[in-house]
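Q: I'd like a close look at one part of this model, the nonpolar interior and whatever sits around it. Could you walk me through it in one go?

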Amino acid sequence: KMEFAAWLILLLPLISAVTIGIGAFRSKPISAGISIAAVVGSFILTIVMVATGDANIHPKVSWLAIEGLSVDIGLQIDKLSKLMLCVVTGVGSLIHIFSRGYMKEDRDFSRYFAFLSLFIFSMLGIVLADNFVMMFIFWELVGVSSYLLIGFWFEKPSAADAAKKAFMTNRVGDFGFLLGILMVWAAFGSVSFDVLEKEKATALCGLAGFLIFCGAMGKSAQFILHTWLPDAMAGPTPVSALIHAATMVVAGIYMVARLFPVFWEGMQIEGSSINFLATVGAVTLVGAGLLAFVQDDIKKVLAYSTVSQLGYMAMALGVGAWTAAVFHLFTHAFFKANLFLGSGSVAHAVHSFDMKKDMGGMRKFMPKTYVTFVIGSLALAGLFPLAGFWSKDEILVNTGGWGILGGSGSAPGSYTFHF
């Protein structure tokens with residue numbers, strides 16, 4: 001029963017996207033209802049699966065078998081994937097519901113929900129994949145979905161340009177990712193995560209590990225492939241919330257976390273690659289945080305904030321603080337979705353995203369948005385006792401005393417793969 005539920009969690013958003021596209025494309029209420037029902041259904045099934053206990057399941061079917069390579073379509077359900085399913089379907093459900101009101105006047109309302117369902121399906125595929133080939137296919141589907149949604153208002157040159165920039169920048173990282181996968185296959189004759197972990201996959205040290213991480217650098221907007229993310233704010237605000245909180249940008253962090261036993265064991269051979277990851281994360285978190293100070297657009301401030309928070313997560317993984325990185329991914333998803341939806345609410349009221357010219361003094365007109373936005377901001381800042389304090393503090397505790405440019409070669413005490 002749980003195996004069937006796992007397949008259903010993945011396929012419900014795909015069924016929604018196809019149904020809206022071929023059957024209900026002109027009906028706004030039906031399109032929104034189908035899309036919301038699909039993602040909420042996946043969320044409910046996820047909660048049921050989590051509530052059943054700690055048992056891991058791994059349903060799979062054979063897809064490709066040629067000489068020297070066998071690839072399955074398999075779903076890897078364990079503690080990490082359950083956590084990510086909660087984030088993607090839970091936050092995704094809230095954003096879908098918010099979108100129904102936010103986008104109600106848009107002429108392409110149904111097309112929007114079809115693309116939104118496709119986006120959720122693509123991210124769920126990354127979360128559930130049990131091998132590199134399946135992950136890469138869904139990795140590219142996430143790229144296509146983001147292109148369609150960032151450029152949703154394609155009649156605006158800025159939106160069309162932002163979509164192309166996001167697509168092309170990510171192709172740079174994804175090319176490295178693909179080369180890394182080919183190197184792993186050449187070394188082990190397998191692309192299965194289980195096989196790589198059992199073999200300790202020492203081939204992931206050095207060049208192969210760096211190439212695979214290039215994919216994460218693109219998707220999770222790490223320096224120097226971070227430039228696409230602020231411009232991606234040209235899409236509808238709920239899309240920005242979905243990209244930043246629960247889908248595209250966390251895909252790279254999730255990929256490194258999923259394969260981290262392999263990365264850690266392999267990269268310690270040369271003793272440099274894992275520190276490269278920490279260094280990139282540290283540069284990203286500081287640089288993006290400073291860039292946020294000079295933005296006037298409220299969504300771009302939040303975008304650079306997201307890049308900075310992703311830097312925190314990458315740095316945590318680089319010093320071996322796996323639990324802290326995944327914990328911050330989880331907490332960040334909720335307060336960043338809150339902040340983006342709040343910014344959309346304010347912009348919807350004043351018809352602008354310019355904080356300097358059109359915002360200020362909105363508390364008395366939008367008291368509920370004010371309260372939720374302040375709570376989200378304090379959580380982002382890491383103030384006690386909100387969620388951001390606990391996850392950020394754990395990262396900083398584990399990073400303190402660790403030489404990012406030259407670590408001691410052993411992970412801190414919180415290094416664990418059992419979240």
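What follows is a walk from the core out to the loops and helix packing.

A: Keep in mind that this is a predicted model. The protein chain has 18 helices and two strands, and 56% of its 419 residues count as buried. Among contacts in the chain with a separation of 6 or more, 76% are between residues 24 or more positions apart.

Now the core itself. The largest nonpolar core holds 122 residues, and Phe132 and Trp228 have the most contacts inside it. Helix 4, residues 109-128, is the top contributor to this core, with 15 residues. Apart from that core lies another one, of five residues, including Ile298, Met359, Met362 and Met366.

Let's zoom in on Trp228. Skipping neighbours within four places in sequence, Trp228 touches Ile150, Lys165, Ala166, Thr169, Asn170, Gly218, Lys219, Ala221, Ile243, Met248 and Val249. One of those partners, Ala221, deserves a stop of its own. Ala221 lies in the loop between helix 8 and helix 9. Most residues other than glycine have a negative phi, and most peptide bonds are trans. Ala221 goes the other way on phi, with a positive value near 55°. Is Ala221 buried or exposed? Ala221 is buried, because its relative accessible area is 0% and the cut-off for buried is under 20%.

That loop has another oddity. The peptide bond running from Phe223 to Ile224 is cis, with omega near 15°. Ile224 is found in the loop between helix 8 (207-219) and helix 9 (228-231), so if you're checking backbone torsions there, you have both the positive phi of Ala221 and the cis bond into Ile224 to look at. There is a second cis bond to look at, from Phe384 to Pro385, with omega near 5°. Pro385 sits in the loop between helix 17 (367-381) and helix 18 (387-399).

For a contrast in burial, try His351. Its place is in the loop between helix 15 (322-350) and helix 16 (355-358). His351 is not a glycine, yet its phi is positive, at about 60°. Here the side chain's surroundings are another story: with a relative accessibility of 72%, His351 counts as exposed.

Back to the five-residue core for a moment, through Met362. Met362 is in the loop between helix 16 and helix 17. Leaving out neighbours within four places in sequence, Met362 is in contact with Ala349 and Val350. Met362 and Ala349 are 13 residues apart along the chain, with their C-alpha atoms 9.4 Å apart in space.

Another buried spot is Ser145, in helix 5 (residues 132-150). Its relative accessible area is 1%, which makes Ser145 buried. Beyond neighbours within four places in sequence, Ser145 is in contact with Leu118, Phe119 and Ser122.

Finally, two helix pairs. Helix 15 and helix 18 pack with axes 9 Å apart and an angle of about 150°. That angle is over 145°, so helix 15 is roughly antiparallel to helix 18. Their crossing is left-handed. On the helix 15 side, the contact involves Ala324, Phe327, His328, Thr331 and Phe335. On the helix 18 side, the partners are Ala387, Gly388, Trp390, Ser391, Lys392, Glu394, Ile395 and Asn398. Sorted by class, this contact has six nonpolar, five polar and two charged residues.

The other pair is helix 10 (residues 237-245) and helix 14 (residues 298-318), whose axes come within 11 Å and cross at roughly 10°. That is under 35°, so helix 10 is roughly parallel to helix 14. Thr237, Ser240 and His244 in helix 10 meet Lys299, Leu302, Ala303 and Thr306 in helix 14. By class, the helix 10 contact with helix 14 comes to two nonpolar, four polar and one charged residues.

How values were computed:
Residues numbered from 1 in each chain as written. Predicted model: local features only at pLDDT ≥ 70, side-chain atom pairs only at ≥ 80, totals over all residues. Heavy atoms only, no water. Axes fitted to C-alpha atoms, helices over the stretch in contact; angles between N-to-C directions. Helix = DSSP H or I, 4+ residues; strand = E, 2+ residues; numbered from the N terminus. Parallel < 35°, antiparallel > 145°, perpendicular 65-115°, else oblique. Contact = heavy atoms within 4.5 Å. Nonpolar A, V, L, I, M, F, W, Y, C, P; charged D, E, K, R; others polar. Core = buried A, V, L, I, M, F, W, Y, C linked by side-chain atoms within 4.5 Å. Buried < 20%, exposed > 50% of the residue type's maximum accessible area, 1.4 Å probe, protein only. Left-handed = near helix turned anticlockwise from the far one by under 90°.
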